[in-house]
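User: Could you walk me through this model with me asking questions as we go? I'd like to start with what a term means before we get to any residues.
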Amino acid sequence: MNYVPKIDRRSFVVSAAAVGGGLALGLELPFGGPQVIRAQDGSPEVNAWVVIRPDETVVIRIARSEMGQGTLTGLAQLVAEELECDWSKVTTEYPTPGQNVARKRVWGDMSTGGSRGIRMSHEYVRQGGATAREMLKQAAANEWKVPVSEVSVSNGVITHTSSGRTTTYGKVAEAAAKVEPPKDVKLKDPKDWKIAGKGVKRLDSLDKITGKQVYGADLKLPGMLTAAIKDCPVQGGKIKSFDAAKVTSMPGVKKVVQVGDTGVAVVADTWWQAKTALDALPVVWDEGENAKVSSASIAEWLKAGLDAPEAFVGNANGDAKAAVASAAKKVEAVYAYPYQNHACMEPMNATALYTPDKCEVWGPTQNGEAAFAATLAASGLPADKCEVHKIHLGGGFGRRGAFHDYTAQAVLIAKQMSGTPVKLLWSREEDMTHGRYHPVMQCKLVGGFDANNNLTALHMRLSGQSILADVFPQNLDKGKDPLTFQGLMPAGAEHAFGYSIPNLMIDHAMRHQAGVLARREHQPERHLPGVLHGRAGASRRPGRTRIPAQADGTASEKPRRPQRRGRAHRLGQACTAGRLSRTRAHEGVQRLCGRCGGSLDYWRQQDQSAPDRRRNRSNLRRQPGPDRPASRRLVRLWPVRAVLSGVHRQGRPHRADQLR
């Protein structure tokens with residue numbers, strides 16, 4: 001789990017095929033180069049975004065994930081628009097994250113979430129299409145020995161305007177792949193668009209309605225076995241014992257394996273055989289102290305935050321507290337917002353094939369590079385011996401983004417079935433039990449009214465968990481989570497409060513007390529779920545002063561933070577962003593990046609302002625040590641959040657419907 005890959009970039013080679021077509025390596029320039037790069041079928045790669053086959057088929061590479069939202073078609077439209085190709089001949093494929101890292105992230109950010117797939121990449125994918133267009137035009141001009149300024153293109157047909165000679169993209173693609181990419185290309189004016197922004201048939205619809213589309217749960221490989229898993233139903237708990245002999249003779253069962261410290265899986269010929277045996281398997285859990293957590297204790301924990309003396313202010317004007325105190329009438333109301341699971345239609349799954357020399361994973365993921373890092377860490381193999389092949393998602397909403405516990409589990413199981421592909425498919429019960437829920441929250445509103453019943457003051461106190469504190473702590477603003485104040489901010493096009501109140505105070509008591517976070521049980525009354533995408537994260541005051549759990553009387557003893565998928569925080573205390581320890585998987589990815597002396601900070605800081613870069617250089621640096629044990633089990637993917645620059649950029653707020 002804590003293996004540090006030994007990687008020499010000069011000798012690093014990735015040869016695994018991408019989904020739908022392979023890629024050779026060696027490209028250093030963002031959009032191409034004099035060296036001809038070929039897809040698996042031998043077709044020339046004009047640049048990283050465009051492959052053109054001899055039959056005029058245009059293959060457009062899509063780095064983001066398709067999970068029903070239409071990003072695949074939308075990004076293909078943007079590339080095709082600038083490429084000036086025949087839309088009827090367009091198809092798509094996913095490049096692999098291993099190739100992306102090896103080629104200095106030529107495809108950019110592979111993370112898909114928060115409605116960012118098109119918003120955050122539309123410009124550079126258009127540039128990729130425009131660059132390929134100019135390279136194809138130049139190749140035709142070279143063949144005709146005419147200035148490229150005399151060459152035009154439309155619908156994949158290149159024309160020499162003076163002589164009327166024509167050729168097609170497929171005929172010049174080989175030569176175009178050898179053309180030096182232009183350093184500056186002009187993008188089309190949106191008013192001239194013919195494909196982008198237009199109502200076209202989605203590229204993935206036909207396969208979906210005809211049943212041809214393969215999702216992770218559908219994947220079949222030769223000789224593949226299937227696994228069902230059961231993990232400890234309480235966070236922080238462990239597996240105490242299980243009696244494999246009771247089920248090994250059941251139909252189809254091949255092996256019963258332990259998965260880390262907390263899980264057990266049955267591998268069988270079919271999933272139903274695996275699940276049936278798993279249900280019959282005697283398992284004894286050590287649930288630990290967190291089994292005592294209940295819905296009532298969670299509610300009390302949040303209730304204490306409604307009157308806690310310290311909170312992060314998100315919006316304020318006037319003196320709300322004084323105005324409420326002196327108001328002619330006061331109205332108070334308390335609201336509660338429950339945990340919400342992502343509840344993807346397709347449960348978590350991944351297929352892994354492990355040998356001592358190679359580990360490959362096929363699976364639905366919103367972030368290929370996160371899945372790649374999970375594979376690296378769980379397999380213990382160097383990065384040049386690992387690859388992840390992305391498959392369409394049967395729903396994601398954020399669950400398949402930052403955390404890839406299911407990917408790591410699949411690899412850990414496959415390691416015990418060396419040479420045999422194993423598909424891990426969670427049951428619906430497992431999927432609901434081990435979700436990464438939307439944060440729980442309570443809200444108290446206190447309004448002050450004058451004698452004429454006009455609202456003169458409002459104090460809104462939020463008490464609950466934070467998304468950023470756990471998923472992207474580097475984006476906290478001096479400890480405050482800006483995402484908490486969506487729709488409550490003083491200004492902004494999307495998230496402004498929208499009401500004029502003379503005296504206003506909106507603040508957030510961040511409830512990330514160590515020791516109360518517990519694992520989900522099938523009975524929701526028993527245990528406290530973790531925050532969206534993972535456990536609760538850092539709880540801190542400005543200046544990183546640690547806030548003891550006993551400060552406001554919400555804990556009767558020294559807090560102890562239970563751990564599960566990676567011990568990202570020191571046991572027994574709340575943590576600041578600067579205290580977070582990381583798994584060693586990041587070191588392998590770090591070497592792959594090969595920039596700024598091998599520093600991951602380069603990627604994390606590209607989209608941050610200078611002050612943020614300076615502040616973040618000190619964040620997320622602490623490594624596992626004697627007092628900060630690394631996970632012996634699954635993977636905590638801090639490194640990928642660092643690699644993927646631009647993810648939740650500097651705490652940029654999202655609408656509530658985008659937090660998925």
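Analyst: Let me begin with the term buried, which here means under 20% relative accessible area. Please keep in mind throughout that this is a predicted model.

User: Fine. Is Cys-386 buried or exposed, then?
Analyst: Cys-386 has a relative accessibility of 1%, which is under the 20% cut-off, and therefore counts as buried.

User: And how many disulfides does the structure hold?
Analyst: The structure holds zero disulfides. Cys-359 is in no disulfide, and the nearest cysteine sulfur to its own, that of Cys-386, is 5.2 Å away. A disulfide here requires the two sulfur atoms to be within 2.5 Å, so the 5.2 Å between Cys-359 and Cys-386 does not qualify. Cys-359 is buried too, with a relative accessible area of 0%.

User: Let's change topic to the sheets. What is the strand order in the sheet that includes S1?
Analyst: That sheet is open and is formed by five strands in the order S1-S2-S3-S4-S5, with mixed pairing. Strand S1, residues 37-38, and strand S5, residues 90-93, stand at the edges, and because each has a single partner strand, one side of each is left without a neighbour in the sheet.

User: How do S4 and S5 run relative to each other, parallel or antiparallel?
Analyst: S4, which covers residues 58-61, runs parallel to S5, and four bridges join the two strands. Within this pair, Val-58 stands opposite Val-90 of S5.

User: Which helix packs on that sheet?
Analyst: Helix H1, residues 71-83, packs on the sheet and touches S3 (50-52), S4 and S5, with its direction making about 120° with that of S4.

User: At what angle do H1 and H3 pack?
Analyst: H1 and helix H3, which spans residues 122-144, pack at an angle of about 35° with their axes 7 Å apart, and their crossing is right-handed.

User: Which residues meet there?
Analyst: From H1, the residues are Leu-75, Leu-78, Val-79, Glu-82 and Leu-83, and they meet His-122, Val-125, Arg-126, Gly-129, Ala-130, Ala-132, Arg-133 and Leu-136 of H3. By class, the residues of this contact divide into eight nonpolar, two polar and three charged.

User: Where is Glu-84 placed?
Analyst: Glu-84 lies in the loop between H1 and S5, and at 13% relative accessibility it counts as buried. Leaving aside its neighbours within four places in sequence, Glu-84 is in contact with Arg-133, Val-153, Ser-154, Asn-155, Gly-156, Tyr-169, Lys-188 and Lys-194.

User: Some of those are around S6, so which way do the side chains of S6 point?
Analyst: The side chains alternate along S6, residues 151-154, with Val-151 and Val-153 pointing to one face and buried, whereas Ser-152 and Ser-154 point to the other face and are not buried. S6 is joined by four bridges to strand S7, residues 157-160, and the two run antiparallel. The bridge partner of Val-151 in S7 is His-160. S6 and S7 form a hairpin with two residues between them, and Asn-155 in the turn has a positive phi of about 55°.

User: Moving further along, how far apart are Thr-226 and Thr-270 in space?
Analyst: Their C-alpha atoms are 5.5 Å apart, although Thr-226 and Thr-270 are 44 residues apart in sequence. Thr-226 is found in strand S9, residues 225-231, and counts as buried at 7% relative accessibility. Beyond its neighbours within four places in sequence, Thr-226 has contacts that include Trp-271, Ala-274 and Lys-423.

User: What about the sheet with S14, which strands stand at its edges?
Analyst: Strand S14 (312-317) and strand S15 (329-337) are the edge strands, each pairing on one side only, in an open sheet of five strands with the order S14-S22-S21-S20-S15 and mixed pairing. The twist in this sheet averages 10° from one strand to the next. S15 pairs with S20, residues 441-449, in the antiparallel sense over nine bridges, and Tyr-337 stands opposite Met-441 in S20.

User: Which strands does H7 lie across?
Analyst: Helix H7, residues 295-306, lies across S15, S20, S21 (455-464) and S22 (503-510), and runs at about 35° to S20.

User: Last one: how many helices and strands does the chain have?
Analyst: The chain has 16 helices and 22 strands, and buried residues make up 58% of its 660 residues.

Terms used:
Residues are numbered from 1 along each chain as its sequence is written. This is a predicted model: local features need pLDDT of at least 70, side-chain atom pairs count only at pLDDT 80 or more; totals for chains, interfaces and linings use all residues. Side-chain values use heavy atoms; hydrogens and water are left out. Buried means under 20% relative accessible area, exposed over 50%, partly exposed in between (1.4 Å probe, protein chains only). Two strands pair if DSSP finds at least two bridges between them. Contact means heavy atoms within 4.5 Å. Axes are lines fitted to C-alpha atoms, for helices over the stretch in contact, and angles run from 0 to 180 degrees between N-to-C directions. A crossing is left-handed if the near helix is turned anticlockwise from the far one by less than a right angle, and right-handed if clockwise. Ala, Val, Leu, Ile, Met, Phe, Trp, Tyr, Cys and Pro count as nonpolar, Asp, Glu, Lys and Arg as charged, and the others, Gly among them, as polar.
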